[in-house]
Amino acid sequence: MPRYKLTIEYDGTPFSGWQWQDHAPSVQRVLTDALVAFCGHAVKITGAGRTDAGVHALGQVAHVDLDRDWRVDKVRDALNAHLRPHPVAVLSADKVADGFDARFSAVKRHYLYRIANRRADLTLDRLRAWRVPRRLDADAMHAAAQRLLGKHDFTTFRSTECQAKSPEKTLDRLDVTRCGEEVHIETSARSFLHNQVRSMVGSLAMVGDGKWSDDDLTAALAARDRAACAPVAPPDGLYLVSVDY
């Protein structure tokens, strides 16, 4: 059975997240339904990351085994036809080796978090960015963020429901930049803990708001205690940008 790598974009607003749920709409579920409608047999689709409810993707990756050697453009176009009207699109389909695994073959995942730093309510970007009306100091946020780089025990920034075997992760990038009325937080690592990115963003916002210092962020990390984390940023502004293999 040929294996296909799918690169997928979606608006996470109407979904309970990536992972299949029996009684709630999920990205994995609508993709599975589209695959069954296209190829006519049961399939299993495996994603690179389990994005939470309301989290978006510009470049989620998944793999699936089909019973025929379809042209890649046929797979892409047929799936997109069956996905309508869901806000999910297959950007590309590529044939890959049988040993390719969207989750376990990944060497790095890249996320973007958008903060709309303005007084006015959001209209076009409602549910696609986190509006923070108070002016944030992006430079201070970036300087503090560098203290989280490297290998650490990220228990403080980990959901109590996280199923990872270890709280230790190696953070390769955590950059904060101002783009007009937006503050962008870009981060990269091989893998992340459940809620890790949103937890770090919420704590960095405290720094940008002048309520925390660099040392406060370092102390929160060192505490290895979920109670030391600032309020977690909402899912609206989080995007899975791409996955490296």
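In this predicted model, strands β8 and β9, the latter spanning residues 182-189, pair in the antiparallel sense over eight bridges. Within this pairing, R173 has S188 of β9 as its bridge partner. The two strands form a hairpin in which two residues lie between them, and G180, located in the turn, has a positive phi of about 65 degrees. On a further pairing of β8, four bridges join it to strand β7 (residues 150-153), and these two strands also run antiparallel; here the bridge partner of H152 is K169 in β8.

Residue K169 appears again in the surroundings of Q196, a residue placed in helix α4. When residues up to four places away in sequence are not counted, Q196 touches F154, F157, K169 and L171. With a relative accessible area of 1%, Q196 is buried, since the cut-off for that class is under 20%.

A second group of pairings involves strand β3, which comprises residues 56-65 and is mostly covered, eight of its 10 residues being buried. Strand β1 (residues 3-10) is joined to β3 by seven bridges, and the two run antiparallel; in this pairing R3 stands opposite D65 of β3. Strand β2 likewise pairs with β3 in the antiparallel sense, over three bridges, and I45 stands opposite V64 of β3. The pairing of β3 with strand β10 (residues 238-244) is instead in the parallel sense, over two bridges. For this pairing, the bridge partner of H56 in β10 is Y239, while that of A57 is L240.

Strand β10 is also paired with strand β5 (residues 108-116), in the antiparallel sense and over six bridges. In that pairing Y111 stands opposite L240, the residue of β10 that is also the bridge partner of A57.

Turning to the interior, the largest nonpolar core contains 69 residues, and among these L6 and L66 touch the most other members. The helix α1, which covers residues 27-39, gives the most to this core, with seven residues. In soluble globular proteins, nonpolar side chains tend to be buried together. The surroundings of L66 can be described in further detail: leaving aside its neighbours within four places in sequence, L66 is in contact with M1, P2, Y4, L35, F38, C39, H41, V43 and V75.

The largest pocket encloses about 1400 Å³ of space and is lined by 41 residues. Of these lining residues, A48, G49, R50, R103 and F192 lie nearest the centre of the pocket. When the lining is divided by class, it has 14 nonpolar, 15 polar and 12 charged residues. Several elements of secondary structure take part in the lining, with β2 (45-47), β5, β8 (168-179) and α4 (196-208) each supplying at least two residues. Among these elements, β2 is the strand that pairs with β3 over three bridges, whereas β5 pairs with β10 over six, and α4 is the helix in which Q196 is placed.

Some features of the backbone occur in loops. The peptide bond from R84 to P85 is cis, with omega near 10 degrees, and P85 has its place in the loop between α2 (72-83) and β4 (88-96). Two residues that are not glycines have a positive phi: for L127 the value is about 70 degrees, and for R224 it is about 50 degrees. L127 is found in the loop between β5 and β6 (130-131), whereas R224 lies in the loop between α5 (214-223) and β10. As regards accessibility, L127 counts as partly exposed because its relative accessibility is 31%, which falls between the cut-offs of 20% and 50%. R224, by contrast, has a relative accessible area of 54% and is therefore exposed.

Key:
Residues numbered from 1 in each chain as written. Predicted model: local features only at pLDDT ≥ 70, side-chain atom pairs only at ≥ 80, totals over all residues. Heavy atoms only, no water. Core = buried A, V, L, I, M, F, W, Y, C linked by side-chain atoms within 4.5 Å. Buried < 20%, exposed > 50% of the residue type's maximum accessible area, 1.4 Å probe, protein only. Contact = heavy atoms within 4.5 Å. Pairing = 2+ DSSP bridges. 1 Å grid on protein atoms, 1.4 Å probe; cavity = no way out; pocket = protein on both sides within 12 Å on 5 of 7 lines; lining within 4 Å. Points joined across faces, edges and corners; volume = space filled by probe spheres on them. Nonpolar A, V, L, I, M, F, W, Y, C, P; charged D, E, K, R; others polar.
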